[in-house]
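Q: I haven't looked at this one before. Can you walk me through it?
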Amino acid sequence: MAARAPPPDPYGALGAGPSAGAAELRRRYRRLVRTYHPDRQSADAPAEAVEECVRKFIEIDQAWKILGHEETKKEYDLLRLEDDLRNLGPVDAQVYLEEMSWNEDDHSFSLSCRCGGKYRVSKDEAEEVTLISCDTCSLIVELLHRS
């Protein structure tokens, strides 16, 4: 028997967002399992309703197999981030803040793009952002932080 593909959005299956913590995910999982477990369905419920509950229960279970364990959740989150990066546009390079030039006039860091434009990020934003788009073209660089 072939393995089923994971749900397209395990967070959505649990009704949570990516910022939800382990306790919140566990609480949502337990509540949904109680609601959709096949043994909890009425014996006189229509077959279509029971099938829908079973389908939903399997989706919830698959989501929990991904998000219920720190290692698999981290792996999924990294894959999700990579997909988000690809959807934003072409990532031209990965750069460290130290590789960018400091501009004292506007208190920002900048880096020249191959199109002749600039990637710019303010000192305050540099701590929070991971992607910087060129001010001229559609290219993006990923800003890396040394740990």
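The chat below goes from the whole chain to a few strands.

Q: Before we start, what kind of model is this?
A: It is a predicted model, where local features need pLDDT of at least 70, side-chain atom pairs count only at pLDDT 80 or more, and totals for chains, interfaces and linings use all residues. Residues are numbered from 1 along each chain as its sequence is written, and side-chain values use heavy atoms, with hydrogens and water left out.

Q: OK, how many helices and strands does the protein chain have?
A: There are 4 helices and 6 strands. Helices (H or I, at least four residues) and strands (E, at least two) are DSSP runs, numbered from the N terminus.

Q: And in what order do the elements run?
A: From the N terminus on, the order is α-α-α-α-β-β-β-β-β-β. The protein chain is more spread out than a compact globule, because its radius of gyration is 22 Å, well over the 15 Å that the globule rule gives for 147 residues. That radius is taken over C-alpha atoms, and the rule is 2.2 Å times the number of residues to the power 0.38.

Q: What does the C-alpha trace span along its principal axes?
A: About 75 × 30 × 25 Å.

Q: How many of the residues count as buried?
A: Of the 147 residues, 29% do. Buried means under 20% relative accessible area, exposed over 50%, and partly exposed in between (1.4 Å probe, protein chains only).

Q: Switching to strands: how do S2 and S3 run?
A: Strand S2 (residues 101-103) and strand S3 (residues 108-112) run antiparallel, joined by 3 bridges. Two strands pair if DSSP finds at least two bridges between them. Serine 101 stands opposite serine 110 in S3.

Q: What's in between those two?
A: The hairpin of S2 and S3 has 4 residues between the strands, and histidine 107 takes a positive phi near 50 degrees there.

Q: Which strand does S3 pair with over 5 bridges?
A: Strand S4 (residues 118-122), in the antiparallel sense. The bridge partner of leucine 111 is tyrosine 119 in S4. This hairpin has 5 residues between its strands, with glycine 116 in the turn at a positive phi of about 105 degrees.

Q: Which S4 side chains are buried?
A: Tyr119 and Val121, which point to one face, while Lys118, Arg120 and Ser122 point to the other and are not buried. In a regular strand the side chains alternate between the two faces of the sheet.
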